[in-house]
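These are my notebook entries on a structure that I went through one topic at a time. I began with how the elements are named, then turned to the core, the backbone, the pocket and a few side chains.

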Amino acid sequence: MKLHTHEWGTGDRVALLVHGIMSDHRTWRRVGPALADRGYRAIGVDLRGHGMSERGPYSAELFADDLVETLPAGAELAIGHSLGAIALALAAERLAPARAVYSDPAWALGRVGAADPALFVEFKGARRGVIAHFNPRWDEADVDIELATLAAWDSDTALALSGANAVDRTPAKAVVPSLVQVAETSFLVDEALKEELTGRGFEVRTVKGTGHTIHRDDFEAFMGSLEGWV
């Protein structure tokens, strides 16, 4: 599937931005312009079932195939958040970016104690107060965007990662130079997984004071943690 994309900047360097579940390219409202200021042409996608891209069927593999179908290979940088990190990791060998950043990746869904993605279906109709309560560090603009992206989201995407499809997709190795950003209060990447990822060739950096959506909780800390990667 050819995905809807949005671009920031016209630089010679290319950066790819892949959002998490329930979201779309608008989640990168500050990251895209910041990369453009650094000379990048930043390309944000809407994964299938999100934003302005077409709907179903859904699977982790299809999310990845769509990235390969839509995005240019050989980009200088690729960043994937949560579900976007699953899709990016599955597509990394084919997309072959010079560097990859996985922001609080949802790779370990199949491990004991991992959250069931089906729970996210309940957020489809969430109101402003609920979103603000669960994300106290977000700007008002990010709450507005979340309301808009939820309205555009097909909740069946969460069901496609649930039940028998909630399997451990932690990469066996870093196929390109790769950074894993971990939220301080991450419910997806624990200390054991950090050590495991380090042993598999990933650099791991924990971003203090942040929750799952690092780039929205503390934009400056998010960008600071990318030092040497952007």
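Entry 1, naming. Before placing any residue, I took helices (H or I, at least four residues) and strands (E, at least two) as DSSP runs, numbered from the N terminus. On that basis I looked up T206 and found that its place is in strand β7, residues 203-207. I note here that the model is a predicted one, and I read every entry below with that in mind.

Entry 2, T206. I asked whether T206 is buried, exposed or partly exposed. With a relative accessible area of 30%, T206 is partly exposed, because buried means under 20% and exposed over 50%. Not counting residues up to four places away in sequence, I found T206 touching V182, A183, E184 and K194. With K194 there is also a polar contact of 2.8 Å that joins the two side chains. I then looked along the chain to F222, 16 residues from T206, and found their C-alpha atoms separated by 10.0 Å.

Entry 3, nonpolar cores. The largest nonpolar core has 49 residues, and the members that touch the most others are L16, L47, L67, Y102 and W107. Which elements each supply at least two residues of this core? I listed the strands β2 (13-18), β3 (40-45), β5 (100-103) and β6 (178-183), together with the helices α2 (60-70), α3 (83-95), α5 (140-152) and α7 (191-199). The largest share, 8 residues, comes from α3. I also noted a second, separate core of 22 residues, which includes A15, V31, F222 and W229.

Entry 4, W107. Leaving aside its neighbours within four places in sequence, I found W107 in contact with A85, I86 and A89, with Y102, with the run V167, D168, R169, T170 and P171, and with V180, L197 and F202. Y102 is, like W107, listed among the core members that touch the most others.

Entry 5, backbone. Most residues other than glycine have a negative phi, and most peptide bonds are trans, so I looked for departures from both. The peptide bond from G56 to P57 is cis, with omega near -5 degrees, and P57 is found in the loop between β3 and α2. S82, although not a glycine, has a positive phi of about 55 degrees, and this residue is found in the loop between β4 (77-81) and α3. A96 is not a glycine either, yet has a positive phi of about 50 degrees, and A96 is found in the loop between α3 and β5. I compared their exposure: S82 counts as buried at 7% relative accessibility, whereas A96 is partly exposed at 39%.

Entry 6, S59. I found S59, like P57, in the loop between β3 and α2. S59 has a relative accessible area of 18% and is therefore buried, the limit being under 20%. Its side chain reaches the backbone nitrogen of L62 at 3.0 Å.

Entry 7, largest pocket. About 670 Å³ of space lies in the largest pocket. How many residues line the largest pocket, and which lie nearest its centre? I counted 37 in the lining, with M22, F120, F187, H212 and T213 nearest the centre. The elements giving two or more residues to this lining are α3, α4 (128-134), α5 and α8 (214-217). By class, the lining has 19 nonpolar, 13 polar and 5 charged residues.

Notes:
Residues are numbered from 1 along each chain as its sequence is written. This is a predicted model: local features need pLDDT of at least 70, side-chain atom pairs count only at pLDDT 80 or more; totals for chains, interfaces and linings use all residues. Side-chain values use heavy atoms; hydrogens and water are left out. A nonpolar core is a set of buried Ala, Val, Leu, Ile, Met, Phe, Trp, Tyr and Cys residues joined through side-chain atoms within 4.5 Å. Buried means under 20% relative accessible area, exposed over 50%, partly exposed in between (1.4 Å probe, protein chains only). Contact means heavy atoms within 4.5 Å. On a 1 Å grid over the protein atoms alone, a cavity is a set of points where a 1.4 Å probe fits but cannot get out, and a pocket is an open set with protein on both sides within 12 Å along at least five of seven lines; lining residues have an atom within 4 Å of a point. Grid points are joined across faces, edges and corners, and a volume is the space filled by probe spheres set on the points. Ala, Val, Leu, Ile, Met, Phe, Trp, Tyr, Cys and Pro count as nonpolar, Asp, Glu, Lys and Arg as charged, and the others, Gly among them, as polar. A polar contact is a pair of N or O atoms within 3.5 Å; within protein, one must be able to donate a hydrogen and the other to accept it, and residues adjacent in sequence count only if both atoms are side-chain atoms.
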